[in-house]
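This report looks at pockets and at paired charged side chains. Please keep the sequence and the structure in view while reading.

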Amino acid sequence: MGILLEKKFKKFIPELYKSVIDSAVDVAQQNNIKLYLIGGAVRDLILGNPFKDIDITVEADAINFANVLKSQLNCKIISVQENLRTAKIEFGNGVQIDFASTRQEKYIASGVLPVAFNFGCELEKDVKRRDFTINTLAFLLNGVDKYKLIDYCEGFADLKSGKIKILHSKSFIDDPSRIIRALKFMVRLDFKLDSNTQKLMKDYLSEPLKKIPLERVKNELFQYFEIPKKGLYKYIIDYKVYKLFGNNPITKFEEKDLSNFKNEELQFIYFAFLVLNSEYEEERFNLTSRERKILDEIKQLLANDIQVKDDFEIYKKYNQKQELAIKIYYLITKDETVIRYSNVLSAVKVLINGDDLIKLGLKPSKDFSLIFEAVLKEKLKGKIKSKEEEINFAKKWSR
Ligand code: CTP
């Protein structure tokens, strides 16, 4: 008889989606095309977790199917991905659903997106390309076997016993970002890592591949740090997942110092902790120019740890640096001069500019920067405040 997911499905799917799915199912049925729900949505539906979104998998070419839907229903195709044969459709009521073709995947090189082929293949082949058994569960949305659980990899038992199990022994080599995905599901679902999966993870981490791109790894890391739970970084350390990024993660910081950061800052802070002490190659992470800048500035600050003597030197040390770089430097070093800079000195600004000096009858020269510096020093000492005072000071200085 098998496990029937009809009730759970009806409870899981929001009302707006139901009519849309029903009409897509009718079209598929008329055209003899099988539609499946597979992966994350089936996992979450069985676990009773809230609905996020659904992708419908088509055992055929999904772009062709999207065109059939367009010709028969009130909907439009809003985007397609030719290389993966997927199509995003928006229905008349505003609901958007991704339609994906069943496919196989081949990893040509580690860490890079796999090459997809055999679009429209049997579901079983599609299932075998996936990461963990709990992500391989599926059921049909149409036909006589509608809603009957399809479980090629014993994913249901693993879902019930709370186990994260990889499908084959090369999986982490093909795609090391799955190591972070394993932690992500472990923490998010409160599951355990299967012992062989843990061993394969350990094997990979004992000697991570050196030259491979790590962009996917970084993306998964950022997603991992979105989980609203505590202790996320500790798992990265305890399971030695930091080895994907380098050998010397920063671990000496106080958790409580992190409580006021926004989520996207926190994601980057943890990433910085993992890479800063290592000889990593920036290109491997495909960093944005801002990310690059912040990391470079933290490194400069860490390298330049001479004792600063006065407010002017403190100002010079931090001025023009990205705020997040300064904050991360503080988390690592607890350097009190950061507090002095952020609370007091950073507000000090020289108000006069080159035009003001020209108006005083001065000719543009190297002296201008000396004047600005002298004004700044006076302002930091609190001796002058207003623009007028700055102009008077500049006048005297240049005589
Ligand atoms: N997948 C994979 N390897 C990856 C990323 C994804 O095998 N590196 C597979 C998984 O089987 C997953 C499916 O592609 O079920 C869709 O990926 P994604 O949307 O990231 O996963 P979900 O399981 O839907 O996770 P989430 O709940 O975080 O959206």
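Which side chain meets that of D335 in a salt bridge? In this predicted model, the partner is K317, with an N to O distance of 3.4 Å. The pair links distant parts of the chain, since D335 sits in the loop between helix 16 (323-333) and helix 17 (336-343), whereas K317 belongs to helix 15 (residues 311-318), 18 residues apart. Both D335 and K317 are buried.

**Salt bridges**

Side chains of opposite charge can pair when their charged atoms come close. The structure holds 37 salt bridges, and three of these pairs are set out below.

| Pair | N to O distance |
|---|---|
| D335 and K317 | 3.4 Å |
| D175 and R178 | 3.8 Å |
| D203 and K199 | 2.8 Å |

In the pair formed by D175 and R178, each of the two residues is buried. The pair formed by D203 and K199 lies within helix 9, and because the two residues are 4 residues apart there, about one helical turn separates them. D203 is partly exposed, its relative accessible area being 41%, and K199 is likewise partly exposed, at 47%. Besides such pairs, R103, E105, D126, R129 and R130 are joined into one network by salt bridges that share partners.

**The largest pocket**

The largest pocket has a volume of about 1400 Å³, and its lining is made up of 45 residues, among which D55, R103, R129, R130 and R181 lie nearest the centre. R103, R129 and R130 thus appear both in this group and in the salt-bridge network. By class, the lining residues comprise 15 nonpolar, 11 polar and 19 charged. Several elements each supply at least two lining residues, including helix 3 (40-47), strand 2 (55-58), strand 3 (75-81) and helix 10 (215-224). The largest share, 6 residues, comes from helix 8, which spans 177-189.

**The second largest pocket**

The second largest pocket encloses about 390 Å³ of space, and of the 19 residues that line this pocket, K210, K243, G246, N247 and R284 are the closest to its centre. Its lining divides into 8 nonpolar, 4 polar and 7 charged residues. Helix 9 (195-206) and helix 13 (282-285) each contribute at least two residues to that lining; helix 9 is also the helix that holds D203 and K199.

Methods. Residues numbered from 1 in each chain as written. Predicted model: local features only at pLDDT ≥ 70, side-chain atom pairs only at ≥ 80, totals over all residues. Heavy atoms only, no water. 1 Å grid on protein atoms, 1.4 Å probe; cavity = no way out; pocket = protein on both sides within 12 Å on 5 of 7 lines; lining within 4 Å. Points joined across faces, edges and corners; volume = space filled by probe spheres on them. Nonpolar A, V, L, I, M, F, W, Y, C, P; charged D, E, K, R; others polar. Salt bridge = Lys/Arg side-chain N within 4 Å of Asp/Glu carboxyl O. Buried < 20%, exposed > 50% of the residue type's maximum accessible area, 1.4 Å probe, protein only.
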